Amino acid sequence: MINVRVNKELEEKLNQYSQQKNLSKSSIVKEALAQYFKKEEMNQTPYELGADLFGLEGNGDANASSDYKKALKQKLNEKHTH
């Protein structure tokens, strides 16, 4: 549960809207917050949207893209030392 202080003008608008639509002030504020957060999620950059996917290969190794040269050298050395 939270309490929010608003200025008189906003409080009057909320009261009028609540009466006109026959909705509780709580339900109006909840809906407004839900819309606000949805809008914020939509404003993420492409990087933010895919950040959890970048650098992951099918094996789930997050360092696969930066360690590939090291892994390749190791595999080549193993192959040619026989």
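## A pocket, a patch and a salt bridge

The largest pocket here holds about 480 Å³ of space. Of the 14 residues that line it, Val4, Leu14, Lys25, Ser26 and Val29 are the closest to its centre. Keep in mind that you're looking at a predicted model. The chain has 4 helices and 0 strands, so its pattern along the sequence, by the way DSSP runs are counted, reads α-α-α-α.

**The largest pocket**

- Let's start with the idea: rolling a probe the size of a water molecule over the atoms shows where empty space is left.
- Which elements give two or more residues to the lining of the largest pocket? They are helix 1 and helix 2.
- Helix 2 gives the most to that lining, with 5 residues.
- Sort the lining residues by type and you get 8 nonpolar, 2 polar and 4 charged.

**The nonpolar patch**

- On the surface, there's a nonpolar patch of about 760 Å².
- Its members are Ile2, Val4, Val6, Leu10, Val29, Leu33, Tyr36 and Phe37.
- Two of these names may ring a bell: Val4 and Val29 belong to the patch, and both are also among the residues closest to the centre of the largest pocket.
- Helix 2, which covers residues 25-42, gives the most to the patch, with 4 residues.
- Take Leu33, a patch member that lies in helix 2.
- Is Leu33 buried, partly exposed or exposed? Its relative accessibility is 38%, so Leu33 counts as partly exposed.
- That label fits because buried means under 20% and exposed means over 50%, with partly exposed in between.

**The salt bridge**

- Here's the background: side chains of opposite charge can pair when their charged atoms come close.
- How many salt bridges does the count come to? It comes to 1.
- The partners are Lys13 and Glu9, whose side chains meet at 3.5 Å, N to O.
- That pair makes the cut because a salt bridge needs a side-chain nitrogen of Lys or Arg within 4 Å of a carboxyl oxygen of Asp or Glu.
- Both Lys13 and Glu9 sit in helix 1 (residues 8-21), 4 residues apart, which is about one turn of the helix.
- Lys13 has a relative accessibility of 49%, so it counts as partly exposed.

**The chain as a whole**

- What share of the 82 residues in the chain is buried? Buried residues make up 5%.
- The chain exposes about 8,100 Å².
- Carbon and sulfur atoms supply 53% of that exposed area.

Definitions and conventions:
Residues numbered from 1 in each chain as written. Predicted model: local features only at pLDDT ≥ 70, side-chain atom pairs only at ≥ 80, totals over all residues. Heavy atoms only, no water. Patch = residues over 30% accessible without salt bridge, like charges linked within 9 Å, V, L, I, M, F, W, Y side chains within 5 Å. Areas by Shrake-Rupley, 256 points an atom, 1.4 Å probe, with all protein chains shown as cover. Buried < 20%, exposed > 50% of the residue type's maximum accessible area, 1.4 Å probe, protein only. 1 Å grid on protein atoms, 1.4 Å probe; cavity = no way out; pocket = protein on both sides within 12 Å on 5 of 7 lines; lining within 4 Å. Points joined across faces, edges and corners; volume = space filled by probe spheres on them. Nonpolar A, V, L, I, M, F, W, Y, C, P; charged D, E, K, R; others polar.
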